[in-house]
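Q: I should like to take a close look at one part of a structure. Please direct attention to the salt bridges and describe where their partners lie.

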Amino acid sequence: MTNDQSYLLRLLQLASPGLPVGAYSYSEGLEILVEKGIINNPQQLKAWIDQELSYGAIRLEAAIMVRAYQSLQADDLEALSYWNAWASAAKETSELRSQSWQMGNSLIRLLVELEPELQSVAGRVGTPCNYAIAFGTVAAYWQINLMDALLGYLHSWASNLINTGVKLIPLGQTAGQQLLLELAPQLSLASQEVLTLDDEQLHSCSWGLALSSMAHEIQYTRLFRS
């Protein structure tokens, strides 16, 4: 097996919806948006995902993933810890923070079970560990190309939201796959833009996400954790 094939297989494993980190249990506010009729068809869901890719918190998350990757590559564990704390402070709601911590802790524990020599790295990151930090750490350790890792991170996020829409709106499986196919150019563009962001450009505009996230707590019936 060539090195390219090896890291591609590891990327597929890392970005897989079957990865046991609990991503499927979160709707990131979509559940309340569907209940209120704000999102009730594929076009509206695509518009929401487009907006998040262009201006929302996912850009910030992806940029943090890049910094985690670069910190581990440079063996700068102090920077890794700094960006983990920064990511926690940047979360707009307790629901989004809890999601990131739960998924991050699950992924970092899985990594240590698979690669025990990374126990010291996990210890320096600290607990709780944000998901973007854990993803970037795994991608760097497995020597996955950074741009490919970034695409995998965003693709995994978009896939989860689309699968949530398939269940909630509901959409057919074919409609969900068509939507994911249509989002390919936006995912590629967002990856290229995120990779060029300087530290002082790390900001987002995601009021809709924050408000829907907070409203989920008082929703009458819920299928998802956020």
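A: What follows is an account of the salt bridges in this model, with a short note on a surface patch at the end. The model is predicted. A search of the whole structure finds 4 salt bridges, and three of these pairs are described here in turn, each with a partner in helix 4, namely Arg59, Glu61 and Arg67.

The account begins with Arg59, whose side chain meets that of Glu193 in a salt bridge, with a distance of 2.8 Å from N to O. Arg59 belongs to helix 4 (residues 57-73) and Glu193 to helix 11 (residues 184-195), so this pair ties together parts that are 134 residues apart in sequence. The surroundings of the two partners may also be stated. Arg59 counts as buried, because its relative accessibility is 14% and buried means under 20%. Glu193, at 31% relative accessibility, counts as partly exposed.

Next comes Glu61, whose side chain forms a salt bridge with the side chain of Lys91 at 2.9 Å, N to O. This pair links distant parts of the chain: Glu61 is in helix 4, while Lys91 is in the loop between helix 5 (77-90) and helix 6 (94-114), and the two are 30 residues apart. Here Lys91 is buried, with a relative accessible area of 11%. Glu61 is buried as well, with a relative accessible area of 16%.

The pair that remains to be described is Arg67 with Asp199. In this salt bridge, the closest N and O atoms are 2.8 Å apart. Asp199 lies in the loop between helix 11 and helix 12 (207-215), and Arg67 lies in helix 4; the pair therefore ties together parts that are 132 residues apart in sequence. Arg67 has a relative accessibility of 8% and counts as buried, whereas Asp199 has a relative accessibility of 44% and counts as partly exposed.

To turn from charged pairs to nonpolar side chains, the surface may be considered briefly. Leu8, Leu9 and Leu12 form a nonpolar patch there, and together they have about 290 Å² of accessible area. Leu9 is placed in helix 1 (residues 3-14). With a relative accessible area of 46%, Leu9 is partly exposed.

To summarise the main subject, helix 4 is joined through Arg59 to helix 11, through Glu61 to the loop between helix 5 and helix 6, and through Arg67 to the loop between helix 11 and helix 12.

Methods: Residues numbered from 1 in each chain as written. Predicted model: local features only at pLDDT ≥ 70, side-chain atom pairs only at ≥ 80, totals over all residues. Heavy atoms only, no water. Patch = residues over 30% accessible without salt bridge, like charges linked within 9 Å, V, L, I, M, F, W, Y side chains within 5 Å. Areas by Shrake-Rupley, 256 points an atom, 1.4 Å probe, with all protein chains shown as cover. Helix = DSSP H or I, 4+ residues; strand = E, 2+ residues; numbered from the N terminus. Buried < 20%, exposed > 50% of the residue type's maximum accessible area, 1.4 Å probe, protein only.
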